[in-house]
Amino acid sequence: MSALTRLQRSLGVVALVVTSTAAGAGAVSAADPEQPAAPPVVTGESVEIGGVPRHGYTRSYTNLLANDHDPNGGSLTLCGIDNPHEDAISVSLGGRPPAEPGLVSIGAHLNETATYEITYSVCNEQAGAEGILTVDVFRVDPVEVQVVSPGRLEFTNPGTRAVIVTYGRRTDRSLDGRFRLAPAATRVVTVHRSTIHWYAHHLDYPAGAGRIDNTGAADHAEVPKLVAEAIGPYRVRFTNPGGLRALIVYGKALRQLKGPKVDGSVELAAGASTVIRTRRDVLAYRSKAPYGLSLGHGRVRHLGDPRPVQRPTRG
């Protein structure tokens with residue numbers, strides 16, 4: 001039988017110090033001296049992470065035991081990590097609670113594209129085996145933004161990975177737009193705020209963030225709002241006079257865009273209209289553009305009145 005291995009922690013990086021090597025498949029089980037102990041079956045792991053971004057330091061997490069198993073039906077233990085690339089990346093035991101057996105956190109020290117291989121050891125009660133953790137690091141290049149005309153922003157992604165860009169007010173709940181920007185691609189979007197905050201990321205790795213103080217656009221309050229009008233008994237027509245797609249929900253006393261008091265929903269293209277039927281005498285509605293920009297809300301009353309046409313209600 002082999003001696004136990006021990007872990008030595010140094011500068012947050014775990015190094016494997018093996019006092020003696022396991023005999024592998026030839027190790028003998030103490031429970032049955034005549035029965036050879038099977039070592040763990042280790043398939044290895046791979047993970048993609050970003051380099052050190054300009055805005056903050058981000059770590060990734062992976063479970064090195066996720067694809068491994070014990071032929072003997074026992075439990076596995078991560079008994080060592082040998083990282084020869086400590087100057088470029090760090091690998092540490094543990095992570096976000098609740099910590100899982102085999103969970104490690106990985107972080108880059110350099111913002112450069114490279115691939116690293118790290119050896120780790122997996123043990124059961126009788127033997128051990130080694131696997132390879134492959135870490136692909138990609139360079140994080142910040143997205144560039146400029147105003148190309150009043151109310152139109154141009155986003156450029158100079159990096160080698162696609163990024164997700166969001167923009168709007170400062171808070172996450174007030175997003176006006178969200179889109180995917182491919183590597184080396186450019187996209188122009190129309191905004192409806194004089195001040196825009198934006199944020200870009202790939203796999204939770206920040207790829208730029210900023211604020212445009214003068215977009216040249218009129219404030220969002222001037223964006224045409226949805227028009228709702230009763231056109232007959234229990235019939236309401238919604239009209240979208242603006243240039244943005246409108247997402248509409250309607251029902252009873254709406255405060256949110258979902259919930260048990262929602263009767264239905266409809267999506268309207270710019271300049272389109274639709275008619276819905278309801279059993280309510282008073283119908284509440286809310287509308288928004290994709291990702292948060294409000295396009296109006298209100299109530300249409302007296303729907304049970306048999307008069308064929310009533311005065312429009314604006315949001």
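**Aromatic pairs, burial and an open sheet**

Tutor: In this predicted model, ring pairs link Phe155, Tyr167, Phe179 and Trp198 into a cluster; rings of Phe, Tyr and Trp (its six-membered ring) pair if their centres lie within 6.5 Å, and planes under 30 degrees apart count as stacked, over 60 as edge-to-face and the rest as tilted. Residues are numbered from 1 along each chain as its sequence is written, and side-chain values use heavy atoms, with hydrogens and water left out. Local features need pLDDT of at least 70, side-chain atom pairs count only at pLDDT 80 or more, and totals for chains, interfaces and linings use all residues.

Student: How many aromatic pairs does this rule give, and what makes the pair of Phe155 and Phe179 edge-to-face?

Tutor: The count comes to 7 aromatic pairs. The ring centres of Phe155 and Phe179 are 5.5 Å apart, which satisfies the limit of 6.5 Å, and their planes stand at 70 degrees, which is over 60, so the pair is edge-to-face. Phe155 lies in strand E11 (residues 152-156) and Phe179 in strand E13 (residues 175-181), 24 residues apart; strands (E, at least two residues) are DSSP runs, numbered from the N terminus.

Student: Why are Phe155 and Phe179 called buried?

Tutor: Buried means under 20% relative accessible area, exposed over 50%, and partly exposed in between (1.4 Å probe, protein chains only). Phe155 has 0% and Phe179 has 6%, so both values fall under 20% and both residues count as buried.

Student: What makes the pair of Phe238 and Tyr250 tilted?

Tutor: The planes of Phe238 and Tyr250 are 35 degrees apart, with 6.1 Å centre to centre, and this angle is neither under 30 nor over 60 degrees, so the pair falls among the rest, called tilted.

Student: Why does Asp136 count as partly exposed?

Tutor: Asp136, in strand E9 (residues 128-138), has a relative accessibility of 30%, which lies between 20% and 50%, so the residue counts as partly exposed. Among the residues that Asp136 touches are Val47 and Ala114, where contact means heavy atoms within 4.5 Å.

Student: How do you know that E4 and E7 pair, and why do E4 and E6 count as edges?

Tutor: Two strands pair if DSSP finds at least two bridges between them, and 4 bridges join E4 to strand E7 (residues 103-108), so the condition is met. The open sheet has the order E4-E7-E6 with antiparallel pairing; strand E4 (60-63) and strand E6 (89-93) each have a single partner strand, so one side of each is left without a neighbour in the sheet.

Conventions:
Lists of a residue's contacts leave out its neighbours within four places in sequence.
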